[in-house]
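Subject: A structure for you to look at

Hi there,

Here is the structure I promised to pass on. Please open it in your viewer and keep it beside this email as you read.

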Amino acid sequence: MTRPNRRKFLKATGVGLLGGLAGCTRGGDGGDGSGSDGSSGGSDGGTGTDGTSSGDGELAIPLSEYEDADIDWRQFEGSSINIGAVQHPWVSAIKPAVPVFEELTGIDVVWNVLPEQQFRTKRQTDVSTGAGQFDVFYMDQVVNQFREEGWIQPLDPFFEDESLFDEDWYNTDDLFEASRWQAHGGGYSDTWTGMPITVEVQTQFYRTDLYDKHDLEVAETLEEFRQNAQTIHENESDVVGTVGRGDKGYGMNIYVLNTFLRQNGAQLWDSFPDDSGLDSDGVINAAEWYVSLLQDYGPEGASTQTWSDVLSTMQEGRAGHIVSDANLFWPGLTGSDSSVADNIGIAKVPSPEDGQFSPNAFNWQISTSKNAQNSEQAFLFMVWASSQPTNTWMHIEGDAAFSVRQSVWENDEFRSQVGENFAQVTLESLQAAAPDPFDRKYPEWGQRYSEELQRAIAGQKSAEDAMTQAATIAEDIYSN
């Protein structure tokens, strides 16, 4: 496996990406995402950087990159915006370029960066009370709760304002379909609920040395994955066949299972909100496969394994292969903290032999509230921050690895930095991704669904009984 310039890539991302992305898909018990490294400080009242790429005082990105846009960048000169964000590598990656936005628009940017759970609390207080402190804020699985409560502002009027947006220059089609879909409330909204800023997609990681030793082929099907796990588990004394998220939390075990149920031809909500689909044959088949896999070839205590447990087990060379998030795990598995850094391969997630490849993906987006004082200025920031020039710079000069733009994953310079195989597997996975639909009560029933799956992994009930109960719970939550 070839990873050109991997060390350069990892130097910038190894700690920030691993720590910051801890909260990307977390939710509920077992996944609050509140710790990690503080990839950016707290409220610093400014950009916290000089915005230069060298010591000569030049802006990180030339203003000429934005001059072709038919946008009145200077129409709000002299104003300011407040951004509410979680401690996250996107913040670290974009901050050095924010002086470009300030120079381009004359708008000052004030950051309010908090640990994830603290941010969630402050964000809800801000929008529910109508305070409107944040002009721009991170948005996640609660998007449809916020939308239906009338707390976030649809962005379509801003898209239709010719002084604020230029479609030919921005090119929304360059955004992955999965990213656009989640920025429309995960299929529940006809309007833009925010602008996508990061994405992570599920992939398969495997130990190339163990695969060579046991003459294994990279699994394309779920059965092949199970067989490979069995071979490693039974022939390696200190290595389990696989490890996976077993802990409860809507960003934990069900985030992985939801890939396999879709690949089995099932979906969440066969008929919303009356039939959750959780007791369908496809869901039960997927749950039975995942539960038996972890019970038979996983570590002891598989039902309590979090995403970080999965990562550390693989980093320490104690597992043969895993399914997890490419953009979350790759730096940690191939960086200096990994004892198997030179023996990690990446491939697309396996699917049923007669199923359809459909990995899960998660996007952070940035939104604005109904009561924000500077929503138009906020939208200009969203356009600038997610535009192709800014996004490309973040991933080539800033060494980010979570772009929502297909053009970045096709960029030769970026691919040479992160490795052709990583880039291609991620690109193809993102093109086929089918993210979770976050209905307005997903955090509530998703938590309960995950608790039922955890009980099955722990051997307290069968996978079928667990999914049948999860279906009843989800449907009762909407019927009450």
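Which residues line the largest cavity? Before you look for them, please keep in mind that this is a predicted model. The lining is made up of Phe225, Thr242, Val243, Gly244, Val256, Phe260, Trp289, Tyr290, Leu293, Leu294, Ile322 and Val323.

To find your way around, start with three elements: α12 (253-263), α13 (281-297) and β6 (319-325) each give two or more residues to this lining. The largest share comes from α13, with four residues.

What sort of residues are they? In the lining of the largest cavity, 10 are nonpolar, two are polar and none is charged. The space inside comes to about 70 Å³, and the chain has four cavities of 30 Å³ or more. If you wonder how such spaces are found, rolling a probe the size of a water molecule over the atoms shows where empty space is left.

Now for the chain as a whole. It has 480 residues, and 62% of them count as buried. You can trace 22 helices and eight strands along the chain. Take the contacts between residues at least 6 apart in sequence: 76% of these join residues at least 24 apart. As for the outside, the accessible surface is about 17,100 Å², and carbon and sulfur atoms account for 39% of that area.

A good place to begin is α13, since you can then pick out its four residues in the cavity lining.

Enjoy exploring!

Best wishes

Conventions: Residues numbered from 1 in each chain as written. Predicted model: local features only at pLDDT ≥ 70, side-chain atom pairs only at ≥ 80, totals over all residues. Heavy atoms only, no water. Buried < 20%, exposed > 50% of the residue type's maximum accessible area, 1.4 Å probe, protein only. Contact = heavy atoms within 4.5 Å. Areas by Shrake-Rupley, 256 points an atom, 1.4 Å probe, with all protein chains shown as cover. 1 Å grid on protein atoms, 1.4 Å probe; cavity = no way out; pocket = protein on both sides within 12 Å on 5 of 7 lines; lining within 4 Å. Points joined across faces, edges and corners; volume = space filled by probe spheres on them. Nonpolar A, V, L, I, M, F, W, Y, C, P; charged D, E, K, R; others polar.
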